[in-house]
Amino acid sequence: MRRPFFLFFWTLIILFAPSAGRAQVGVEATLDSISMFVGGKRTVRLKVDYAPGVLLLEPGIQVIDTAKAIELLSSSPWDTTRANDKVITLEKDLLLTAWDSGYFQIPAIPVNFEIQGVVHTLYTEILPLRVT
């Protein structure tokens with residue numbers, strides 16, 4: 001009788017322990033419009049929510065320049081808001097342009113953070129962009 005409970009208990013610990021630190025951080029990227037003209041400008045808003053005690057490292061926004069025909073023009077400084085004692089929100093606007101027409105993908109942006117000396121990485125979703 002003890003063996004099934006013991007096995008179930010350790011299975012839960014093994015499955016959920018690696019993700020426990022990541023539950024304290026959330027990342028999101030949104031595009032102000034999914035279409036634009038060649039040479040036009042679009043803004044990607046990068047949003048990071050994290051708990052106090054988490055050390056946020058600089059996100060890898062340079063990955064946008066690796067996308068075909070998309071260029072990162074500038075990035076704003078972080079805008080910090082604190083809704084309560086449990087969540088800090090950082091937002092950064094990334095201004096980009098495209099020099100060719102077609103359908104493109106803005107790559108997932110890696111966001112690195114440190115919890116108790118261990119570095120973790122979360123990624124935003126890939127964003128579609130149509131350039132005409």
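This report describes the predicted model of one protein chain, from its overall make-up to its sheets and a few single residues.

## Basis and confidence

The model is predicted, and residues are numbered from 1 along each chain as its sequence is written, while local features need pLDDT of at least 70 and side-chain atom pairs count only at pLDDT 80 or more. Totals for chains, interfaces and linings use all residues, and side-chain values use heavy atoms, with hydrogens and water left out.

The mean pLDDT of the chain (pLDDT being the predictor's confidence in each residue, from 0 to 100) is 85, and 83% of the residues reach 70 or more. Over residues 15-22 the value stays under 50, and for this stretch the model has 6 contacts beyond four places in sequence, a contact meaning heavy atoms within 4.5 Å. Where pLDDT is low, the predicted coordinates should not be read in detail.

## Overall make-up

The chain has 1 helix and 11 strands, and along the sequence the pattern reads α-β-β-β-β-β-β-β-β-β-β-β. Helices (H or I, at least four residues) and strands (E, at least two) are DSSP runs, numbered from the N terminus. Of the 132 residues in the chain, 31% are buried, where buried means under 20% relative accessible area, exposed over 50%, and partly exposed in between, with a 1.4 Å probe and protein chains only. The chain exposes about 8,500 Å², and carbon and sulfur atoms supply 59% of this area, computed by the Shrake-Rupley method with a 1.4 Å probe, for which, in the case of residues, only the protein chains shown count as cover. Among contacts between residues at least 6 apart in sequence, 65% join residues at least 24 apart.

## The sheet around β11

An open sheet of 3 strands has the order β2-β11-β8, with mixed pairing; two strands pair if DSSP finds at least two bridges between them. The edge strands are β2 and β8, each of which pairs on one side only. Strand β2 (residues 35-36) pairs with β11 in the parallel sense over 2 bridges, whereas strand β8 (residues 102-106) runs antiparallel to β11 and is joined to it by 5 bridges. Val131 of β11 is the bridge partner of Met36 and also of Gly102, and Pro128 of β11 is the bridge partner of Gln105.

The side chains of β11 (residues 127-131) alternate along the strand: Leu127, Leu129 and Val131 point to one face and are buried, while Pro128 and Arg130 point to the other face and are not buried.

## The sheet around β9

Another open sheet of 3 strands has the order β4-β9-β10, with antiparallel pairing. Since β4 (55-56) and β10 (118-123) stand at the edges with a single partner strand each, one side of each is left without a neighbour in the sheet. Strand β9 (residues 110-115) pairs with β10 in the antiparallel sense over 6 bridges, and Asn112 stands opposite Thr121 in β10.

## Loop residues

Two residues other than glycine have a positive phi, and the table sets out their values together with their places in the chain.

| Residue | Phi | Loop | Relative accessibility |
|---|---|---|---|
| Ala69 | near 70 degrees | between β4 and β5 | 22%, partly exposed |
| Gln116 | near 50 degrees | between β9 and β10 | 79%, exposed |

Pro77 has its place in the loop between β5 (70-75) and β6 (79-82), and with a relative accessible area of 67% Pro77 is exposed. Leaving aside neighbours within four places in sequence, Pro77 is in contact with Glu91 and Lys92. Pro77 and Leu94 are 17 residues apart in sequence, and their C-alpha atoms are 9.7 Å apart in space.

Lys92 also lies over the face of Trp78, at 4.9 Å from the ring centre; for such a placement, NZ of Lys or CZ of Arg must be within 6 Å of the ring centre and within 35 degrees of the ring normal.
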